[in-house]
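Please open the model in your viewer and keep the selection panel at hand. The tour moves from one selection to the next and says what is found at each stop.

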Amino acid sequence: SYLENVLGEPLFTIVGTPNDICQIATTQTNGSGVKQAVTLDDFGKYQFTLTRNGLGTNATVQAKCSKSGEALVVYQAPQPVVKSVSINNFPTAPTPGQVVKYQIIGTVDDECTQENTFPGSAKTTKTILLGKTGASTQIAYVTVAASISGIPVSMVPGEKFTWAVRGTPLDTCQLTVTFPGQTPSISTITLSTAGSVGYTTTLGTRTGPLSTSVACTKSGNASAVSNVGAASTPTPTSAPVAPAPTTPSASGRLTKICVAADAGAPFPTGCQTDTYPFWSLSFCSPRSTSGAWNLHLGPDATSATLVSKDSGLDSPSICSDPSKPLWITLGDMIPTRVTTAQSFLYLVRWAYILNGKVVTKDYPVRISVS
């Protein structure tokens, strides 16, 4: 006979003459078999467990004993109870952005294919396993239309700004950014569980339309266009100098930031307006010697504090000189507590390897704000 042990597997018991010697043969669904010799105990019993996986859907267990004769039992695996699939707790009129928790209930260990259709987007499918409980809890986010925020309508070269893409939580979007004078940059982004992803961008030196667009799987499309106009005409200078004091605006906001450096510095100098408190240096660099461009703030090379590291982009569309194909941007922020004309000394440190040795060059830079 057989029952089930505490783990739910088939438990077989042979009952016969005490101390009898028996041969046990198990024949499984696929025709394979297992044989073993056992001795019944002083009470004429012997118990053993086989697995459901090993036995399959049905099997036979036969015992041939020296004294007690033969016996045969047929094992039949339990059949699952078939249930109709249903979806519970799914709201009929959810609000945009709402988190929806619902259950799919059906037959134990069943495999289901769920299809989702969002307005204006292609149908998506996913596989759901109901498992031993015959139920699976799912989380869905109600569609939120895609949007792009934080990109100013009008900017100047070198301006730094923070912006974000918003839409349905966990949505997948294709982001396309076209900087002035560059080929489009295309990337795939995934929105957070809050339905957003943020960026900080520092513009280069080009002017013209800056176009940003997203195409999201669920949330649809959104775009933003900004006009990057020319900055004020740079005033050449041969050495870093402090600016002449000026009277700040009534609101305390400073509008002019100037960059001055010694002759021979590899980056442009001059002034830009309406970027306070952000400023940046943008220049082209040789690929072979662009190992590390760093920006330090301080009075001299020994006590300066590192405030920024290089960010390079292989961009021949901007860097037309074949010997300098890397577009480098370094920048920092003037403390917002500064409301009167002041200047700050930075060091642009260039380190690269030449003939197996590290070569370091420092370029003093005076940043003046007024």
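Begin by selecting T212, which in this predicted model counts as buried because its relative accessible area is 2%, below the 20% cut-off for that term. T212 has its place in strand 19, and if you display its surroundings, leaving aside residues up to four places away in sequence, you will find that T212 touches I148, I151, W163, L175, T176, V177, A222, S223 and A224.

Keep strand 19 (208-216) in view and turn to the largest pocket, to whose lining strand 19 gives two or more residues. This pocket holds about 510 Å³ of space, and among the 22 residues that line it, those closest to its centre are F179, T200, T201, T202 and L313. Colour strand 15 (160-166), strand 16 (172-178), strand 17 (185-190), strand 18 (196-202), strand 26 (311-314) and strand 27 as well, since each of these also gives two or more residues to the lining. The largest share, 4 residues, comes from strand 18.

Next, select the largest nonpolar core, which has 25 residues, and in which F267, W279, I334, V348, V365, I367 and V369 touch the most other members. Strand 21 (256-261), strand 23 (278-285), strand 24 (292-297), strand 27 (326-333), strand 28 (342-354) and strand 29 (357-369) each supply at least two residues of this core, and the largest share, 5 residues, comes from strand 28. A good residue to centre on is V348, which, not counting residues up to four places away in sequence, touches F267, L281, W293, N294, L295, L330, K361, D362, Y363 and V365. Apart from this core lies another, of 19 residues, including I151, F161, V165 and V228; I151 will be familiar from the first stop, where it was listed among the residues that T212 touches.

For the last stop, show the open sheet formed by 3 strands in the order 8-9-12, with antiparallel pairing. Which strands are at its edges? They are strand 8 (86-88) and strand 12 (135-141), each of which pairs on one side only, while the twist from one strand to the next averages 30°. Zoom in on strand 9 (residues 99-105) and strand 12, which run antiparallel and are joined by 7 bridges. To examine a single pair within this ladder, select V100 together with A140, its bridge partner in strand 12.

Methods:
Residues are numbered from 1 along each chain as its sequence is written. This is a predicted model: local features need pLDDT of at least 70, side-chain atom pairs count only at pLDDT 80 or more; totals for chains, interfaces and linings use all residues. Side-chain values use heavy atoms; hydrogens and water are left out. A nonpolar core is a set of buried Ala, Val, Leu, Ile, Met, Phe, Trp, Tyr and Cys residues joined through side-chain atoms within 4.5 Å. Buried means under 20% relative accessible area, exposed over 50%, partly exposed in between (1.4 Å probe, protein chains only). Contact means heavy atoms within 4.5 Å. Two strands pair if DSSP finds at least two bridges between them. Axes are lines fitted to C-alpha atoms, for helices over the stretch in contact, and angles run from 0 to 180 degrees between N-to-C directions. On a 1 Å grid over the protein atoms alone, a cavity is a set of points where a 1.4 Å probe fits but cannot get out, and a pocket is an open set with protein on both sides within 12 Å along at least five of seven lines; lining residues have an atom within 4 Å of a point. Grid points are joined across faces, edges and corners, and a volume is the space filled by probe spheres set on the points.
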